[in-house]
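Welcome! Please open the structure in your viewer and get ready to select a few side chains as we go.

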Amino acid sequence: LAAAQEQLEDAHQRLEAAHARVAQLLRQADDAEAVSAKKQRQVEALTRQVEEGEESVRQVTRQMEQRLASLQASFAVVCEQLERNTAVSSSSANSSIFSHTLGGAAAGLAVAGSGR
């Protein structure tokens, strides 16, 4: 009977140790889950920041494209005025060379504006 009592107490101690180990593993799992959830929230926050940054870049790009288009239009008007003024005050040969040079510059701005 004493041996059986001893075996029962030993089994009871092993059971308590097993329960403690299970409780410890459950706490570790909860901790890991909490860390994972925190990392997921961080990833989501960073993703939102990237998306906001991308939208900001798109807005600035649109503004720059509008400014470039405006500058190209202004440059074209100035070129036309210069061509007219040059045609009146210069010989036809000089005017042709000047017109060709300004036309090349205007084409260069158009190519730059189209992103090529």
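This tour visits some salt bridges in what is a predicted model.

**First stop: Asp10 and Arg14.** Select aspartate 10 and arginine 14 and show their side chains. The two meet in a salt bridge, with 2.5 Å from N to O. Now colour helix α1, which covers residues 2–89: both partners lie in this helix, 4 residues apart, or about one turn. Are these two side chains buried or exposed? Aspartate 10 is partly exposed because its relative accessibility is 36%, while arginine 14, with a relative accessible area of 52%, counts as exposed because the cut-off for that word is over 50%.

**Second stop: Glu55 and Arg58.** Move along to glutamate 55 and arginine 58. Their side chains form a salt bridge with an N to O distance of 3.0 Å. Both residues belong to helix α1 and sit 3 residues apart, about one turn of the helix. Turn on a surface here: arginine 58 is partly exposed at 40% relative accessible area, and glutamate 55 is partly exposed too, at 29%.

**Third stop: Arg62.** Keep glutamate 55 selected and add arginine 62. Which residue does arginine 62 meet in a salt bridge? Its partner is glutamate 55, at 3.4 Å from N to O. Arginine 62 has 40% relative accessibility and is partly exposed. With Glu55, Arg58 and Arg62 shown together, you can see one network, joined by salt bridges that share partners.

**Before you leave.** How many salt bridges does the count give? The count comes to 4, and the ones visited here include the bridge between aspartate 10 and arginine 14.

Notes: Residues are numbered from 1 along each chain as its sequence is written. This is a predicted model: local features need pLDDT of at least 70, side-chain atom pairs count only at pLDDT 80 or more; totals for chains, interfaces and linings use all residues. Side-chain values use heavy atoms; hydrogens and water are left out. Helices (H or I, at least four residues) and strands (E, at least two) are DSSP runs, numbered from the N terminus. Buried means under 20% relative accessible area, exposed over 50%, partly exposed in between (1.4 Å probe, protein chains only).
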